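Colleague: I am new to this one. May I ask how you arrive at the words you use for it?

Modeller: Please do. Here it is.

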Amino acid sequence: MVEMVIAEGAQVTLHFALVLENGDIVDSNFDGEPATFAVGDGSLLPGFEHSLFGMASGENAELTIPPEKAFGQPNPNNIQHVDRSAFSEDFELAQGLVVSFADAAGSETPGIIVDADDKQVTVDFNHPLAGKSILFKVEIIAVVPAVTH
């Protein structure tokens, strides 16, 4: 049997961890069940997915994914100033608090409170991992042809 490597048309089962440069673990399934995804199904950001191309079952790697291929660079346009009156008076606005906002399409968008005073609230809508390089630790369990329906 020919050993299959990760490429378009593959289904991959793996253990993974996302680790910040300071060693903080953002996400990991090494202590649990492995994850399975089909290449191109949107389960992984393309930068993470493409970093796995060419790997086969049984391989382990620690890959550094730069911000441009991970969660992007922070965009200054994603920092918004909102009138304090948009929040109820008894709503306690603390720096670092994540608040859910409705966007123009009516879906929920998380924002992080950066600063607040009596008149306005500064909210950062950038992804919390924007601008960060991510150490992507992987253990490839299986690579098989993806099942298509």
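Modeller: Start with one pair: Val 19 stands opposite Ile 25 in strand E2. Keep in mind that this is a predicted model.

Colleague: What makes E1 and E2 (residues 25-28) a pair?

Modeller: Two strands count as paired if there are at least two bridges between them. E1 and E2 have 3 bridges, in the antiparallel sense, so they pair. The two form a hairpin with 4 residues between the strands. In that hairpin, Gly 23 takes a positive phi near 95°.

Colleague: Why is His 15 called buried?

Modeller: Buried means under 20% relative accessible area. His 15 has 11%, so the word buried applies. This residue is found in strand E1.

Colleague: What makes the approach of His 15 to Gly 32 a polar contact?

Modeller: The limit for a pair of N or O atoms is 3.5 Å. A polar atom of the His 15 side chain lies 3.3 Å from the backbone oxygen of Gly 32. That distance is within the limit, so it meets the distance condition.

Colleague: And Val 26: why is it called partly exposed?

Modeller: Partly exposed lies between the 20% and 50% cut-offs. Val 26 has a relative accessible area of 38%, so it belongs there. It is found in strand E2. From C-alpha to C-alpha, Val 26 and Ile 65 are 14 Å apart in space, with their positions 39 residues apart in sequence.

Colleague: Why does Glu 62 count as exposed?

Modeller: Exposed means over 50%. Glu 62 stands at 55% relative accessibility, so it passes that cut-off. Its place is in strand E4 (residues 60-65). Glu 62 and Val 138 are 76 residues apart in sequence, yet 6.5 Å apart in space, C-alpha to C-alpha.

Colleague: Now the sheet. What makes strands E5 and E8 partners?

Modeller: The bridges again. E5 and E8 (residues 120-124) share 5 of them, in the antiparallel sense. At least two are needed, so they pair. Within this pair, Ile 79 stands opposite Asp 124 in E8.

Colleague: Why are E5 and E6 said to stand at the edges?

Modeller: Look at the order. The 4 strands form an open sheet, E5-E8-E7-E6, with antiparallel pairing. Strand E5 (79-83) and strand E6 (98-102) each have a single partner strand, so one side of each is left without a neighbour in the sheet. Neighbouring strands here are turned by 45° against each other on average, direction ignored.

Colleague: Thr 122 and Ile 79 get unlike labels. How do you know which is buried and which is partly exposed?

Modeller: Take Thr 122, in strand E8. Its relative accessible area is 11%, under the 20% cut-off, so it is buried. Ile 79 is in strand E5. At 36% it falls between 20% and 50%, so it counts as partly exposed. As for distances, the C-alpha atoms of Thr 122 and His 81 are 4.6 Å apart, with their positions 41 residues apart in sequence. Those of Ile 79 and Ala 130, 51 residues apart along the chain, are separated by 13 Å.

Colleague: Last, the largest pocket. How do you know which residues line it?

Modeller: A lining residue has an atom within 4 Å of a pocket point. Among those that line the largest pocket are Leu 14, Phe 16, Thr 36, Ser 43, Phe 71 and Phe 136. Strand E1 (10-20) and strand E3 (35-38) each supply at least two residues. About 180 Å³ of space lies in this pocket.

Colleague: What makes the lining divide into nonpolar and polar residues?

Modeller: The residue types decide. Leu, Phe and Ala count as nonpolar, for example. By that sorting, the lining has 10 nonpolar, 2 polar and no charged residues.

Note on methods. Residues numbered from 1 in each chain as written. Predicted model: local features only at pLDDT ≥ 70, side-chain atom pairs only at ≥ 80, totals over all residues. Heavy atoms only, no water. 1 Å grid on protein atoms, 1.4 Å probe; cavity = no way out; pocket = protein on both sides within 12 Å on 5 of 7 lines; lining within 4 Å. Points joined across faces, edges and corners; volume = space filled by probe spheres on them. Axes fitted to C-alpha atoms, helices over the stretch in contact; angles between N-to-C directions. Buried < 20%, exposed > 50% of the residue type's maximum accessible area, 1.4 Å probe, protein only. Polar contact = N/O pair within 3.5 Å; in protein donor to acceptor, adjacent residues only side chain to side chain.
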